[in-house]
Amino acid sequence: MEISFKGKRILVTGAGQGIGRGIAIELWRAGANIVALSRTRSHLESLQSEYPSIEIVSVDIGDWAQTRQLVESLGQFDALVNNAAVACCEPFLQSTSANFNRTFDVNVKAVLNISQVVAKKMVENNIHGTIVNISSQASKAALQDHAIYSASKAALDALTRSMALELGPHGIRVNSVNPTVIMTEMAKVGWSDPVKAKEMLSKIPLRRFGEVSEVVNAVVFLLSEKSSMINGVELPIDGGFLAT
Ligand code: NDP
C-alpha cells in the first residue's frame, strides 16, 4: 500500500525515543515535514543528527502553559500524533496522589491541550487533518500494578471519542491505537521480570510482544487517506490479547 505524506506537516510528541521516534522516522520517510516534540533534548538531538530535516522542540508536556505557548508558536499542522506518556507501576494500595496527578497531566491533560491548539488551527485554515492518540491495551483490561496508568489510558480513549465526535464535522478524524507490550524503555520497567513477561505472553494468542514497527504501520494507516472513513476507533495492536 503506497502511502505518501509529501507536503504534509506533522507534529509527533514523545519522538525522542521508543514508539514516537519510530513514528517520526517512518512519516519522514513517507515525505512528511516532521516536528518532533519531546522532553529530553539529547534524545531529540540524536534523532536530528540522523535526520537533519526533522525539526525538534523540547518541553515537558506536563506543564500546560509552557506547552500551549510552544505549540501555538509552531504554526499549523496537517496531522498530530499524541504519543508522549509516562508509566509508573505501583500496586493499587500504594498508588499516590502525586503519581496520579503527574500521569494524568502528561497522558491525558496534555493531549487535550496540544490537540486543542492544533485542531483550532486546522479548523481556522480548513485543513481536513488527522489525529492519532497512542493509548494502550491497559485502557480496556486490568493489568497488575497499572491502576493509574490504565485509568489514564481509559480517559484518553474517552477523549479520543469526544474529539472524533466534535472535530468530525470539520473533516478532522481522530482515532487511537492500543498496543500490547512493546519492549521500549517504558516497557522495560514493567515487563523485564521474566515471570511477569511469561504471564503476559501466555495471555496473548500470538504468544509474543509487539514490535515498534507494528504500531508505526497502524499509525501511518490511520493518519493516511487510506482510512478516510475511520473515525473514533480504538484499534488494538495486541496479538489478540483483548479478544480473549
Ligand atoms: P518511551 O518511554 O520509550 O518513550 C516515551 C517518549 O515520550 C520519550 O521520548 C519521552 O521523552 C516522551 N515523554 C514522556 N513524558 C514526557 C513529557 N512529560 N513531556 C514531553 N515528552 C515526554 O515510551 P514508549 O515509546 O514505550 O511509549 C510511547 C507510547 O506508547 C506511550 O503513549 C505509551 O503509553 C504507549 N504504549 C506503550 C507500550 C509499551 O509497551 N511500550 C504499550 C502500550 C502503549 P524522553 O526522551 O525525555 O524520555
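A residue counts as buried when 20 or more other C-beta atoms lie within 10 Å of its own, as exposed at 12 or fewer, and as partly exposed in between, with C-beta atoms placed from the backbone. Trp-64 has 14 C-beta neighbours inside 10 Å, so Trp-64 is partly exposed. The model is a predicted one: local features need pLDDT of at least 70 and side-chain atom pairs count only at pLDDT 80 or more, while totals for chains, interfaces and linings use all residues. Numbering runs from 1 along each chain as its sequence is written.

Trp-64 sits in helix H3 (residues 64-73); helices here are DSSP runs of H or I, at least four residues, and strands are runs of E, at least two, numbered from the N terminus. Leaving out residues up to four places away in sequence, Trp-64 touches Lys-109 and Asn-113, contact being C-beta atoms, placed from the backbone, within 7 Å. Ile-114 is 50 residues away along the chain, yet its C-alpha atom is 8.9 Å from that of Trp-64.

As for the core, the largest nonpolar one has 59 residues; such a core is a set of buried Ala, Val, Leu, Ile, Met, Phe, Trp, Tyr and Cys residues joined through C-beta atoms within 7 Å. Helix H4 (residues 97-124) gives the most to this core, nine residues. Ala-36, among the residues with the most contacts inside the core, has contacts beyond four places in sequence that include Val-12, Ala-24 and Leu-44.

Then there is the ligand. Its shell holds 28 residues, with Gly-14, Gly-16, Gly-18, Thr-40 and Ala-85 the closest. Helices H1 (18-29) and H6 (185-191) each supply at least two shell residues.

Key. Contact = placed C-beta atoms within 7 Å. Near = placed C-beta within 6 Å.
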